Protein chains: 2
Amino acid sequence: MDNMTARTPNTQKRPFAPIIDRLREAGLRPTRQRLALARLLLEHGQRHITAESLHEEALREGIKVSLATVYNSLHQFTEAGLLHEVVVDPGKSYFDTNTSEHHHFYCPETGEISDIPGNAITLPELPEPPDGYRVGHVDVIIRLQKQGPN
Amino acid sequence: MDNMTARTPNTQKRPFAPIIDRLREAGLRPTRQRLALARLLLEHGQRHITAESLHEEALREGIKVSLATVYNSLHQFTEAGLLHEVVVDPGKSYFDTNTSEHHHFYCPETGEISDIPGNAITLPELPEPPDGYRVGHVDVIIRLQKQGPN
DNA sequence: GTGATTGCAAATCTTTTGCACTAAA
DNA sequence: TTTAGTGCAAAAGATTTGCAATCAC
């Protein structure tokens with residue numbers, strides 16, 4: 001039977017099915033806002049965002065969503081493993097759509113974050129964690145300074 | 001001549017001379033508050049503090065100082081190289097009295113920070129920083145999770 | 001329908017700032 | 001004196017929360 005082209009009601013009506021499914025798998029109802037934010041994050045190719053920047057981007061694209069909902073969604077996505085939080089600046093949270101193992105360059109002067117490919121840093125044997133704890137996640141942050149001219 | 005005991009006016013009157021000198025060298029007037037905070041930080045053996053915790057500690061010891069001054073002092077000390085800021089939690093600044101090269105364990109659940117001795121992690125060749133930047137400081141944070149019983 | 005989700009505004013928390021007052025040199 | 005430093009309270013961000021309205025199922 002002919003079920004592979006755009007004529008199929010299913011594809012017509014659910015153009016974002018993969019994202020909807022990812023939300024569902026994460027236990028999150030695919031609401032209008034969550035779906036729109038997830039699309040911005042996961043399809044739009046953007047990498048390092050703040051709640052503020054994602055909110056602005058959403059509004060620019062005509063998505064009606066409140067800043068509070070952006071915060072909630074970012075945390076829900078992070079908990080679901082769709083995002084990773086990058087802590088480089090006290091007083092501002094960055095989120096990374098790249099959840100694979102990798103580390104970051106960060107320039108405090110400009111606020112820019114960029115990825116260091118996972119294989120560009122190989123951590124040697126880690127020290128033993130203190131008793132009663134286990135290692136969760138290892139972050140390496142290389143802080144950069146703008147090079148003066150000359 | 002006899003200048004090695006407590007009789008010397010100099011030692012009598014300037015029991016905190018080393019700290020005063022460190023402040024002076026940093027271009028900071030050794031005011032009552034700064035001196036008291038510097039003593040708490042540098043002599044008291046404490047390692048990882050927040051503005052809030054240092055303020056409480058100061059008040060407990062009977063040092064009259066405002067929270068704003070604690071913030072100011074912490075940043076001045078950091079700029080002067082007497083402290084190092086540790087960024088592990090968005091929305092809270094930690095300061096470390098250990099300014100030698102080392103990294104940190106951090107438990108988000110409890111907020112505890114502890115040092116990893118500098119030589120327990122050897123970073124291999126770092127990747128080249130992007131054009132126009134140079135490497136400032138490298139932070140390695142090992143995030144811990146409390147181990148469930150059993 | 002019913003329970004989860006949202007929006008808004010208010011609340012919270014950490015940190016910074018403005019300015020009159022105080023203290024170091 | 002004179003200038004830097006301090007305290008207070010207010011301001012400024014960033015993030016969170018409470019609750020009525022709204023939406024997904």
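What rotation, and what shift along its axis, superposes chain A on chain B? In this predicted model, where local features need pLDDT of at least 70, side-chain atom pairs count only at pLDDT 80 or more and totals for chains, interfaces and linings use all residues, side-chain values use heavy atoms, with hydrogens and water left out. Residues are numbered from 1 along each chain as its sequence is written, while chains are lettered from A and ligands numbered from 1 in the order in which they are written.

Chain A is brought onto chain B by a rotation of 179° with 0.0 Å of shift along the axis, at an RMSD of 0.1 Å, the superposition being by least squares on the C-alpha atoms of residues with pLDDT of at least 70 in both. The two copies are thus related as by a two-fold rotation axis. Because 100% of the interface residues of chain A are also interface residues in chain B, the copies meet through the same surface, contact meaning heavy atoms within 4.5 Å.

Turning to the DNA, 21 residues surround strand D, and the closest are A:Arg24, A:Tyr71, B:Thr31, B:Arg34 and B:Thr69; a residue is near the strand if one of its heavy atoms lies within 4 Å of it. Helix 5 of chain A gives the largest share of this surface, five residues, where helices are DSSP runs (H or I, at least four residues) numbered from the N terminus. Of the strand D atoms within 4 Å of the protein, 81% belong to sugar or phosphate and the rest to bases. Phosphate oxygens of strand D lie 2.7 Å from a polar side-chain atom of A:Arg24 and 2.3 Å from one of B:Arg34.

Technical notes
Polar contact = N/O pair within 3.5 Å; in protein donor to acceptor, adjacent residues only side chain to side chain. Helix = DSSP H or I, 4+ residues; strand = E, 2+ residues; numbered from the N terminus.
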